[in-house]
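Visitor: I would like to understand how the words used for a protein structure are earned. Could you take me through them one at a time?

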Amino acid sequence: MSICRTTIAEFHSKEDADAVQAEYTANFDSMFPEAEATLNSRVGPTTVVSNSVYADQEAIEKTGSGARQKFMDKHKDRMKNTTTYVGEVTLSK
């Protein structure tokens, strides 16, 4: 059963969003090798929606306290708010 983590991040400014998104894009593969797929959408100047799919709960948990937490901690001053949802993938095409 595949699991998806969806994170909605609101940044303080467009420049903050640009900087975080650039680093995330450049380093995604090395930070999240367990991810099977990812899709990020810039839904506004300061808002990004990130969806990453993992094989199972164990794979997603490997990233939660490691690379993901380090990345979030590094950029916490750029982020106004983040909301994260984790759930079973029910449709994938």
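Guide: Let us begin with a definition: two strands are said to pair if DSSP finds at least two bridges between them. This model is a predicted one, and in it four strands make an open sheet in the order E2-E3-E1-E4, with antiparallel pairing.

Visitor: What makes E2 and E4 the edge strands?

Guide: Strand E2, residues 37–44, and strand E4 each pair on one side only, and that is what puts them at the edges. From one strand to the next, the twist averages 15°.

Visitor: How do you know that E1 pairs with E3?

Guide: Two bridges would be enough for a pair, and eight bridges join E1 to strand E3, residues 47–54, with the two strands running antiparallel; therefore E1 and E3 count as paired. As an example, Ile3 has Tyr54 of E3 as its bridge partner.

Visitor: And how do you know that E1 pairs with E4?

Guide: The reasoning follows the definition again, which asks for at least two bridges: nine bridges join E1 to strand E4, residues 79–88, and these strands also run antiparallel. Among the partners, Phe11 has Met79 in E4, while Ala9 stands opposite Thr82 in E4.

Visitor: Why is strand E1 called largely enclosed?

Guide: A residue is buried when its relative accessible area is under 20%. Seven of the nine residues of E1, which spans residues 3–11, are buried, so the strand is largely enclosed by the rest of the structure.

Visitor: Why is Thr47 called buried?

Guide: Thr47 belongs to strand E3, and its relative accessible area is 16%; because the limit is under 20%, the word buried applies. Leaving aside residues up to four places away in sequence, Thr47 touches Ile8, Ala9, Glu10, Ser41 and Arg42.

Visitor: Ser50 is in strand E3 as well; why does Ser50 count as buried?

Guide: Ser50 has 11% relative accessibility, so it falls under the 20% limit and counts as buried. Its contacts, again not counting residues up to four places away in sequence, include Arg5, Thr6, Thr7 and Tyr24.

Visitor: What makes the link between the side chains of Ser50 and Asn40 a polar contact?

Guide: The distance that joins these side chains is 2.8 Å, and a polar contact needs a suitable pair of N or O atoms within 3.5 Å, so the value meets the cut-off.

Visitor: Why are Tyr24 and Phe28 called an edge-to-face pair?

Guide: A pair of aromatic rings is described by the distance of the centres and the angle of the planes. The structure holds four aromatic pairs. In the pair of Tyr24 and Phe28, the centres are 5.4 Å apart and the planes make 65°; because centres must lie within 6.5 Å and an angle over 60 degrees counts as edge-to-face, the name fits. Both residues lie in helix H1, residues 14–31, four residues apart, about one turn of the helix. Tyr24, at 13% relative accessibility, counts as buried, and so does Phe28 at 9%.

Visitor: What makes the pair of Tyr24 and Phe32 tilted?

Guide: Their ring centres are 6.0 Å apart and their planes stand at 50°; since stacked means under 30 degrees and edge-to-face means over 60, the pair is tilted. Tyr24, Phe28, Phe32 and Phe71 form one aromatic cluster.

Notes. Residues are numbered from 1 along each chain as its sequence is written. This is a predicted model: local features need pLDDT of at least 70, side-chain atom pairs count only at pLDDT 80 or more; totals for chains, interfaces and linings use all residues. Side-chain values use heavy atoms; hydrogens and water are left out. Buried means under 20% relative accessible area, exposed over 50%, partly exposed in between (1.4 Å probe, protein chains only). Contact means heavy atoms within 4.5 Å. A polar contact is a pair of N or O atoms within 3.5 Å; within protein, one must be able to donate a hydrogen and the other to accept it, and residues adjacent in sequence count only if both atoms are side-chain atoms. Axes are lines fitted to C-alpha atoms, for helices over the stretch in contact, and angles run from 0 to 180 degrees between N-to-C directions.
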